[in-house]
Amino acid sequence: MSKFYITTPIYYVNAKPHIGHAYTTLAADVLARFHAQIGDKSFFLTGTDEHGLNIARAAEKAGKPNQEFCNEISQKFKKTWQNLNIKYSDFIRTTSARHKKGAQAFLFKLKENNVLYEGEYKGLYCTGCESFITEKELNKDGKCPAHLRAPEKVKEKNSFFKLKKFLPKVKSAIEFDKLKIEPAHIKSEVLGLFKQGLDDFSVSREKVKWGISLPWDKSQTIYVWVEALTNYITARGYPNFSHNAWPADIHLMAKDIIKFHCVYWPAMLMAANLDLPNKIFAHGFFTINGQKMSKSIGNIIDPNELIDKFGVDGARYLILSQFPFGQDGDIQESKFIEKYNADLANGIGNLAARVSKMIENANLGATARAVSADDKFKKEFNNLMKSLKLYEALQLIFQKIKQLDVYINEKRVWEMKDENTQKKVFTKLVNDIIMIGERISPFLPETGGKILKIFRAEKIKKREALFPRK
Ligand code: MSP
């Protein structure tokens, strides 16, 4: 049994969760469930990122004390994940005592290893990115291209991390896949960052009060990104890891935060004598109806609304099945109903209803089954899942559903009279549907469970519709 430790980014608590956060967290949930299913020891970490200027300002705007504001929004993330039937193993909050202790221990280690130095930073800072930004990174209006905000001028004393010292080692780890970065276009993008030139960065801030102080200098707080990255180890008990708690097998995220994860984080880990994660996978970024999701446009989709409309598994499916995992895409809200009806109501739901009804009507008693597992299908499916091709894995399942529909129609199964033929045909159908139920379970846990309950029963009977038509 191998271990499988997967993480999502920890999300900022300046606003409630939206479908973008749900996308990554659901994908991690599916992968963790799949790995548990194939016998790995899955551990799935998510959480919330609660310090920094941006959050302090959001709390102020809401007229609430910082911690109270963080508690409320962090709770909304937890609740949303629960509503989506996302089963994380642990949820780390950066305002928790265990994180504080671990983050300080990590910074202390960096100091001890002599990779920090005092310096002065003078330049620009984007609070949206919670990151320093250079003049040449700004758009033509002088704003941060990701947040369309004007950066703030900053001048302060900071502790700097000797990033440059580690760059050659990080680069070669990536080039030689000691640290795997996927998909391939993200790996090239990251390698491109090394060519542009990367500078030492500060690991502390003088004027940001909402944070964790440097253990040796209370006038400085740990830079929020550095602190946030350590969540992946503080959640596992750093500086005292339990057995097999580190390294992570996959850090999952979108491509917006790859510089922090693929360059800064590995360098920091090397500097602290810790192993690198096995893989960093950055999926695409999606727009809604062709536009970036934003409060001002008013196109933010709350996953809870999708659950109200389509049920938990309906929402899970609609969020995950839009476009290949790894690529950018656009989500068109108007297509949700169409896709729900085509794939869920008329696809998997109809197949289950149709076959269970035919078997019930035929009244053959117990149907012999579990004779021929489709090993080729399972192998193909497992390979897709292991390489994070979630979209293709779903497609494989839905292709199988279509094939079974065609098989039933071509054989005119409902007209069959001969008991032996009936038994043979039903056995194949039941076997295949059980296989579908098992494979779909990580994606649609409730539906998978219902399918298995119906088709593994002594006496197969038609039950209520899995997905009522909309
Ligand atoms: N707090 C940092 C991460 C620290 S991790 C050590 C942060 N938080 S965030 O709330 O902005 O979350 C960013 C992540 O949310 C993305 O990397 C991605 O996982 C997810 N997404 C947010 N919007 C998304 C889309 N529109 N499309 C795809 N993923 C999206 O950055």
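**View 1. Polar contacts hold the eye first: Phe286 and the ligand.** In this predicted model, a polar backbone atom of Phe286 sits 3.1 Å from a nitrogen atom of the ligand. Once you have found that pair, look at the ligand as a whole: on its own it exposes 680 Å², and the protein buries 94% of that.

**View 2. Two side chains meet ligand oxygens: Thr24 and Asp256.** For Thr24, an N or O atom of the side chain lies 2.6 Å from an oxygen atom of the ligand. For Asp256, the distance from a side-chain N or O atom to a ligand oxygen is 2.8 Å. Both residues are also listed among those that come nearest to the ligand, along with Ile10, Asp49 and Ala254.

**View 3. A shell of 24 residues surrounds the ligand.** Which elements give two or more residues to this shell? They are strand S1 (3-12), helix H1 (19-37), helix H7 (224-229), helix H8 (231-234) and strand S12 (250-254). S1 gives the most, with 4 residues. Sorted by class, the shell has 14 nonpolar, 8 polar and 2 charged residues.

**View 4. Four strands line up in an open sheet.** Follow the order S5-S4-S6-S8, where the pairing is antiparallel. Strand S5 (131-133) and strand S8 (201-202) stand at the edges with a single partner strand each, so one side of each is left without a neighbour in the sheet.

**View 5. S4 meets S5.** Strand S4 (residues 116-126) pairs with S5 in the antiparallel sense over 3 bridges. To find one pairing yourself, start at Leu124: its bridge partner in S5 is Ile133.

Note on methods: Residues numbered from 1 in each chain as written. Predicted model: local features only at pLDDT ≥ 70, side-chain atom pairs only at ≥ 80, totals over all residues. Heavy atoms only, no water. Near = heavy atom within 4 Å. Polar contact = N/O pair within 3.5 Å; in protein donor to acceptor, adjacent residues only side chain to side chain. Areas by Shrake-Rupley, 256 points an atom, 1.4 Å probe, with all protein chains shown as cover. Nonpolar A, V, L, I, M, F, W, Y, C, P; charged D, E, K, R; others polar. Pairing = 2+ DSSP bridges.
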